[in-house]
Amino acid sequence: MIKKISMELAGRTLTIESGRLAKQACGSVLVTYGESVVLVTATAARTAKAGVDFLPLTVEYQERFYAVGRIPGSFFRREIGRPSEKETLSSRLIDRPLRPLFAEGYQNETQVIATVLSADQENDPALMAILGASAALIVSPIPFFGPIAGVRVGMIDGQYVLNPTREQCQNSRLDLIVAGSAKAVIMVEGGADSLSEDEVMDGIFFAHASLQPLLAIQEELRQAVGKPKMKVRPVAVDEVLRSRVNELATVEMAEVISTVDKQRRNEVFAQLEDKVMAALATELVEISPESLVIKQNEAKSLLHDCKKKMMRARIVKEKVRIDNRRFDQVRAISSEVAVLPRTHGSATFTRGETQVLVSATLGSGDDEQRIESLSGMSFKSFMLHYNFPPYCVGEVRSLRGPSRRDIGHGALAERSFQAVLPDNDRFPYTIRVVSEVLESNGSSSMATICGASLSLMDAGVPLKNAVSGVAMGLIKEGDEIAILTDILGDEDHLGDMDFKVAGTEEGITALQMDIKLEGVSRDIMSRALNQARAGRLHILEKMKEAIVAPRGEVQTHAPKIFSITINPDKIRDIIGPGGKMIKAITAEYGVKIDVSDDGLVKIFAPTTQVAEQVKNVISKLTAEAEVGKIYTGKVQKIMDFGAFVQILPGTDGLIHISELDAKRVDKVTDILKEGDEVRVKVLDVDSRGKIRLSRKAVLAEEGKS
């Protein structure tokens with residue numbers, strides 16, 4: 001059965017359709033918004049995946065260049081196998097609000113694929129994919145307890161705008177993507193131009209109210225074509241085994257959850273696990289080896305449940321965190337700048353047991369990142385990359401490039417600086433920041449933001465304001481709630497919310513929220529944001545102990561940028577035939593030269609002295625004749641009526657025979673020959689650029705006539 005439902009959203013028609021395409025998937029929908037079209041499918045294995053205790057869900061968002069009538073620019077002229085950064089971030093955006101809403105105990109491999117079939121450059125396919133993923137799941141037999149939907153909200157001239165167009169986004173002070181259910185907000189992702197907590201909060205709930213019609217049309221679709229949900233067999237728990245595990249572990253688990261040092265806490269837990277497993281092995285001697293392994297794995301899971309339950313109860317009921325901090329207390333902070341001798345800027349930032357080393361590198365326009373996407377070719381002059389090596393958590397694993405998590409954390413940190421970066425006219429560098437996480441016990445992405453701010457100021461980047469970040473957590477047991485500032489890794493893993501907030505002293509610049517509950521209320525979110533503000537301001541004050549403001553100039557090893565403006569018609573003189581001239585200059589002086597079509601020339605040089613030398617070379621190459629100025633030129637050609645003299649590189653003028661001398665001249669060759677040097681004065685430059693020169697005027701001025 002084919003079902004199509006349409007509605008108006010932000011002044012444009014949105015249509016969701018099921019039953020016509022991709023019918024062998026468990027569920028599929030086609031979402032059309034304007035002239036953007038996204039096909040989303042949801043497929044699941046028939047049986048649960050053996051040996052897993054998590055939801056094996058994968059989400060893939062893929063863009064096709066035919067969607068905008070383009071052929072890919074890769075060597076193979078097809079989309080490359082590795083997803084782009086945009087595709088990776090969009091996949092995460094879809095995955096995060098879906099994941100908390102599957103049936104407990106559901107462990108079938110599940111895959112959601114969103115394919116962009118048409119893109120009109122105005123309506124974001126990623127938002128359509130969130131809607132489509134939810135719709136494909138709710139019409140399928142997969143036990144997903146949606147629906148959910150996502151929208152973007154902007155702020156233009158103080159007014160919130162739903163799903164702003166690309167042109168509107170250019171003038172927006174807010175760019176938030178909000179996903180939610182009928183009852184609550186589930187996910188928030190985006191940036192802001194140093195807006196207040198109240199302004200951001202109002203934007204989030206403006207979005208939540210605006211997405212409700214999208215939930216209604218999904219419910220209508222479910223009623224029309226939805227399939228019965230598969231039954232999820234509850235995971236059978238051996239209550240006798242649970243009781244025995246708790247009996248063996250409870251006393252010593254109290255020591256585990258009160259051990260402050262992360263490594264020591266892990267050691268104590270590992271020792272307890274060994275002790276419990278050994279005790280159970282002696283008690284289960286009568287079962288087969290295979291059954292013993294199953295029971296031991298179940299016991300390990302129950303032991304983690306015991307740890308989670310006791311840790312959460314200690315926080316909520318006893319008001320005591322793992323490391324004995326107050327709920328609103330930030331861990332001890334230390335930071336240092338200029339820690340690496342050859343980088344353009346560097347810093348370490350340590351908060352508790354989380355530590356990052358961040359470097360900033362300055363480059364020229366040639367170093368901008370080139371990005372091929374559905375919107376065409378674009379260039380990015382600010383990049384922030386996040387690396388999470390295995391040693392930072394004491395693990396061993398293969399290094400296979402940045403993970404989705406690494407890319408997501410880097411993008412969040414990068415977004416945090418968009419509101420404070422200097423204009424390119426003021427600071428025309430390409431900037432790359434790299435964060436190496438050296439130790440991690442929670443909030444490494446927020447530590448990256450703090451370290452990046454320090455390293456950029458150390459590099460002399462004139463940030464408008466310093467930026468810091470803090471991660472907030474939530475523990476909810478019944479009606480009791482604990483909101484935690486600067487969460488540890490265990491508080492994140494065992495808690496109900498990870499709410500990252502970055503900003504300046506003036507306001508919020510980026511935020512990201514993920515939850516493991518069905519949603520959070522406005523009151524909880526408001527309390528978390530205000531508590532985050534206090535934490536953010538405290539961190540900014542601690543960062544001032546390392547560096548208060550950006551350095552007045554770039555570091556010694558950073559390239560120096562100097563600009564000179566020339567007549568655009570003279571660009572060819574700098575470039576030379578086949579680029580010969582500019583190549584010769586860059587090779588001789590060891591510089592980079594960027595020449596814009598408007599005549600702006602940027603020189604990237606290792607020292608000021610070298611830059612001045614290059615400026616002089618360019619000035620000579622592009623100089624224009626000035627009326628009344630005297631030049632020493634070289635005779636290029638003799639004619640009956642006068643001589644052509646080169647007074648500047650590529651610039652010739654004519655000395656008429658009447659201007660050669662104060663007395664009458666019968667032949668030009670009586671005065672000049674080709675190759676002679678002669679001092680001449682510019683009499684006139686006409687509208688066509690033709691230059692009249694005079695030797696006679698120079699002789700008169702110098703008293704030689």
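1. Let's start with the lining of the largest cavity in this predicted model. The residues around it are E17, S18, G19, R20, L21, S28, V29, L30 and L39. Two elements each give two or more residues to this lining, namely strand 2 (12-18) and strand 3 (27-33). Strand 3 contributes the most, with three residues. By type, the lining residues split into four nonpolar, three polar and two charged.

2. How much space does the largest cavity hold? The volume comes to about 30 Å³. A search of the whole structure turns up one cavity of 30 Å³ or more, so please read the lining above with that cut-off in mind.

3. Next, a sheet worth a look on your screen. Five strands form an open sheet in the order 11-12-13-17-16, and the pairing is mixed. Strand 11 (333-337) and strand 16 (382-387) are the edge strands, each pairing on one side only. Ignoring direction, neighbouring strands of this sheet are turned against each other by 15 degrees on average.

4. Within that sheet, which way do strand 13 and strand 17 run relative to each other, parallel or antiparallel? Strand 13 (residues 354-363) and strand 17 (residues 430-439) are antiparallel, and nine bridges join them. If you want a register check, V356 has V437 in strand 17 as its bridge partner. As a reminder when you inspect the side chains, those of a regular strand alternate between the two faces of the sheet.

5. Two helices deserve a mention alongside these strands. Helix 10 (residues 444-458) lies across strand 11, strand 12 (345-351), strand 13, strand 16 and strand 17, and runs at about 145 degrees to strand 12. Helix 12 (residues 522-543) also packs on the sheet, where it touches strand 11 and strand 12. The direction of helix 12 makes about 45 degrees with that of strand 11.

6. On aromatic contacts, the whole structure contains eight aromatic pairs. One of them is formed by F382 and F417, a tilted pair with 6.2 Å centre to centre and 55 degrees between the planes. What does this pair tie together? F382 lies in strand 16 and F417 in the loop between helix 9 (404-415) and strand 17, so the pair links parts that are 35 residues apart in sequence.

7. Now for the hairpins. Strand 14 (residues 369-373) and strand 15 (residues 376-380) pair in the antiparallel sense over five bridges, and the hairpin that joins them passes through two residues. For the register here, E372 stands opposite M377 in strand 15.

8. Strand 25 (residues 630-639) has two partners to look at. With strand 26 (residues 642-648), strand 25 runs antiparallel and shares five bridges; K634 has Q646 as its bridge partner in strand 26. A hairpin of two residues joins strand 25 to strand 26. Strand 25 also pairs with strand 28 (residues 677-685), again in the antiparallel sense and over five bridges. There, T632 stands opposite R679 in strand 28.

9. Finally, two backbone details that you may like to check before setting anything up. The peptide bond from G146 to P147 is cis, with omega near 10 degrees, and P147 lies in the loop between helix 2 (125-138) and strand 7 (149-156). D157 has a phi near 55 degrees, a positive value in a residue other than glycine. This residue, D157, lies in the loop between strand 7 and strand 8 (159-162).

Methods: Residues are numbered from 1 along each chain as its sequence is written. This is a predicted model: local features need pLDDT of at least 70, side-chain atom pairs count only at pLDDT 80 or more; totals for chains, interfaces and linings use all residues. Side-chain values use heavy atoms; hydrogens and water are left out. On a 1 Å grid over the protein atoms alone, a cavity is a set of points where a 1.4 Å probe fits but cannot get out, and a pocket is an open set with protein on both sides within 12 Å along at least five of seven lines; lining residues have an atom within 4 Å of a point. Grid points are joined across faces, edges and corners, and a volume is the space filled by probe spheres set on the points. Helices (H or I, at least four residues) and strands (E, at least two) are DSSP runs, numbered from the N terminus. Ala, Val, Leu, Ile, Met, Phe, Trp, Tyr, Cys and Pro count as nonpolar, Asp, Glu, Lys and Arg as charged, and the others, Gly among them, as polar. Two strands pair if DSSP finds at least two bridges between them. Axes are lines fitted to C-alpha atoms, for helices over the stretch in contact, and angles run from 0 to 180 degrees between N-to-C directions. Contact means heavy atoms within 4.5 Å. Rings of Phe, Tyr and Trp (its six-membered ring) pair if their centres lie within 6.5 Å; planes under 30 degrees apart count as stacked, over 60 as edge-to-face and the rest as tilted.
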